[in-house]
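Work through the exercises below with the model open beside you. Try each task before you read its solution.

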Amino acid sequence: MMFHSVKCIQKLRLNYNSSLINKLKYSSKPSLQLGFNPKICIVGSGPAALYTAQYLLKNLNSNNIRIDVFEKLPVPFGLVRYGVAPDHQDVKNVINSFTETLKNKQVNFFGNVSIGTDLKISELLDAYNSVVLAYGSMGDNYLNIPGEKEFSNVISARDIVSMYNGLPNSEKLNIDLSGQQAVIIGAGNVAIDVARMLVSPVDKLAQTDISEFALDLFKTKNKIEHVSIVARRGVLNAAFTLKELRELTKLESVECRLDAENFSDINLDKLLAKLARPRKRITEFLYNLSKQSKSSSPKKVIELKFLKTPLEILGNDSKQVTGVKFKNNKYDFDFKNLNANFDSDEKLNSIPIVEDKGKNVELMSCSLLVKSIGYKNVNIDSEIPFDKKLGVVLNDKGKVIGKEGLYCTGWIKRGPRGVIVDTTSDAYETAQKLYADLANINLEKPGAAKISEILRERNVRFVDKNGWDRIDQAEIKRGKEIGKPREKLASIDEMLKVALEH
């Protein structure tokens with residue numbers, strides 16, 4: 001079931017890691033011999049779901065295993081389809097591996113089925129030997145400051161990402177790009193993605209699978225020239241990856257800026273020697289960026305701002321956002337006298353951040369405010385043991401606590417954070433747990449036969465693999481006609497018409 005609210009936010013960058021993926025698909029562990037044919041249900045069709053399926057297919061292939069994948073939307077792939085930025089087609093190539101998995105004759109697809117509404121978890125547990133929850137995040141985090149819900153054009157990054165990726169109904173997003181200044185609160189990969197999309201040349205975007213609605217919006221109404229990406233913590237805690245940052249600095253006709261003051265209290269040479277290599281590389285890159293001379297009249301600007309906490313969102317009498325007030329922060333730490341190593345982000349994040357009372361409250365003007373502060377997991381069925389505070393299903397290494405036969409993986413297991421390496425590791429751990437438990441049971445379950453009967457009785461118009469293939473072919477054909485890799489169908493009704501009315 002699609003995250004329905006792309007990312008951790010921090011994003012979810014789908015860095016392709018072939019070694020871990022091969023570990024999932026081609027484990028050397030001998031296939032388990034069971035005395036029955038296991039029926040497995042996976043709720044969700046994104047990376048966490050399909051990496052789990054790949055592992056199970058490999059290690060239970062001699063048992064006539066059947067895996068049924070359920071998705072709220074008529075189409076699979078969740079985060080990869082609707083979360084990865086359109087100009088990152090190389091990242092979306094992982095869909096090829098997932099397509100291979102879904103087209104396996106031992107795998108069924110049930111699209112347009114909402115678990116918790118169309119089907120209950122108890123019904124899935126009755127029909128399957130094991131049920132894996134692999135749906136992503138469906139809600140937003142909030143700033144909880146004055147003005148957040150009062151003014152127009154205060155928008156979550158999830159909604160903008162959904163819009164430019166063509167998530168059904170996302171074209172209804174009320175967004176105004178007629179002003180020149182945008183502020184993005186949050187400094188993860190999603191924030192970088194949104195900033196890049198707002199200032200990228202439209203002719204480059206036209207060659208991607210960006211939604212038709214978003215492309216027309218960017219082409220005819222986008223006047224944004226200055227984007228500020230603002231983080232509460234400091235330059236040493238930047239949550240984006242070096243790959244994303246580099247890409248930002250190479251945008252055509254765009255100048256990327258960082259104030260050198262961010263490094264004024266840091267003994268950089270001494271600190272770099274104490275950082276882990278990935279953090280060292282990002283820090284060096286940011287330092288070099290801060291030393292670059294600024295153009296007197298760049299066409300467009302992206303500015304990175306650190307150590308600022310939003311206090312209040314401001315607007316005019318027409319209820320349109322006009323700016324944000326920030327208090328300034330500082331590290332409560334002496335970087336001039338370093339003794340300890342900071343060889344992990346956890347250690348860097350433990351450095352206290354306090355208000356810098358020597359600086360005045362800062363006002364940043366903007367006509368668009370984007371909140372990129374992470375996603376929020378939700379419980380889709382009251383039968384699922386769920387920790388509301390942590391936003392995760394209660395589990396022990398992927399096995400849901402107190403619910404026999406129920407498992408979880410991905411964001412719903414660990415929280416909405418991390419990259420593809422974490423997703424593959426999660427899937428591997430959960431699948432191993434499920435794999436071991438199957439050895440202790442010997443019970444045939446009805447699986448898809450029973451569930452299909454229930455769905456038809458309830459008049460649920462579900463999409464199978466053939467229906468999904470018809471949607472896929474229609475989108476590719478539409479895209480080819482206009483020079484794009486695909487043109488996504490924009491609505492559920494349109495998808496169902498192509499999938500079911502043939």
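**Exercise 1. A charged pair**

Task: Classify arginine 196 as buried or exposed, then find its salt-bridge partner aspartate 87 and place both in the chain.

Solution:
- Start with arginine 196. Its relative accessibility is 1%, so arginine 196 counts as buried. The cut-off for buried is under 20%.
- Keep in mind that this is a predicted model.
- Now the partner. Aspartate 87 forms a salt bridge with arginine 196, and the closest N and O atoms are 2.7 Å apart.
- Next, place them. Aspartate 87 sits in the loop between helix H3 (78-82) and helix H4 (89-92), while arginine 196 belongs to helix H8 (residues 189-199). The two are 109 residues apart, so the pair links distant parts of the chain.
- Check the cover of aspartate 87. At 25% relative accessibility, aspartate 87 is partly exposed.
- Last, widen the view. A network of salt bridges links Asp87, Asp193, Arg196, Glu244 and Glu247. The whole structure holds 32 salt bridges.

**Exercise 2. Two further bridges**

Task: For the salt bridges of glutamate 148 with lysine 371 and of lysine 433 with aspartate 396, state where each residue lies and how accessible it is.

Solution:
- Take the pair of glutamate 148 and lysine 371. Their side chains meet at 3.0 Å, N to O.
- Glutamate 148 lies in the loop between strand E5 (139-140) and strand E6 (154-156), and lysine 371 in strand E15 (residues 368-371), so the bridge ties together parts 223 residues apart in sequence.
- Glutamate 148 has 7% relative accessibility and counts as buried. Lysine 371 is buried too, at 10%.
- Turn to lysine 433 and aspartate 396. Their side chains meet at 3.8 Å, N to O.
- Lysine 433 is in helix H16 (residues 420-438) and aspartate 396 in strand E19 (residues 395-396), 37 residues apart.
- Lysine 433 is partly exposed, with 26% relative accessible area. Aspartate 396 is partly exposed as well, with 41%.

**Exercise 3. Helices with two sides**

Task: Find out where the buried residues of helix H10 and helix H17 lie around each helix.

Solution:
- Recall the geometry. An α-helix has 3.6 residues a turn, so residues three or four places apart point the same way.
- List the buried residues of H10 (residues 212-220): Ala214, Leu215, Leu217 and Phe218. Down the axis of H10 they fall within an arc of 160°, so they line one face.
- Look at the other side of H10. Glu212 and Lys219 are exposed there.
- Repeat for H17 (residues 448-457). Ala448, Ile451, Ser452, Ile454 and Leu455 are buried. Their arc is only 160° around the axis, which puts them on the same side of H17.
- The face of H17 turned away from that side carries the exposed residues Ala449, Arg456 and Glu457.

**Exercise 4. On the surface**

Task: Which residues gather in the patch of positive charge, and which helix gives the most to it?

Solution:
- Name the members: Arg246, Lys250, Arg277, Lys280 and Arg281.
- Find the main contributor. Helix H13 (residues 277-290) gives the most, with three residues.
- Inspect one member, lysine 250. Lysine 250 lies in the loop between helix H11 (242-249) and strand E9 (254-258). Its relative accessible area is 66%, so lysine 250 is exposed.

Key: Residues are numbered from 1 along each chain as its sequence is written. This is a predicted model: local features need pLDDT of at least 70, side-chain atom pairs count only at pLDDT 80 or more; totals for chains, interfaces and linings use all residues. Side-chain values use heavy atoms; hydrogens and water are left out. Patches are made of residues with over 30% relative accessible area and no salt bridge: like charges are joined within 9 Å, nonpolar side chains (Val, Leu, Ile, Met, Phe, Trp, Tyr) within 5 Å. Accessible areas come from the Shrake-Rupley method with a 1.4 Å probe; for residues, only the protein chains shown count as cover. A salt bridge is a side-chain nitrogen of Lys or Arg within 4 Å of a carboxyl oxygen of Asp or Glu. Lys and Arg count as positive and Asp and Glu as negative; His and the chain ends are not counted. The place of a charge is taken as NZ of Lys, CZ of Arg, CG of Asp or CD of Glu. Helices (H or I, at least four residues) and strands (E, at least two) are DSSP runs, numbered from the N terminus. Buried means under 20% relative accessible area, exposed over 50%, partly exposed in between (1.4 Å probe, protein chains only). The arc is that of the directions from the helix axis to the C-beta atoms.
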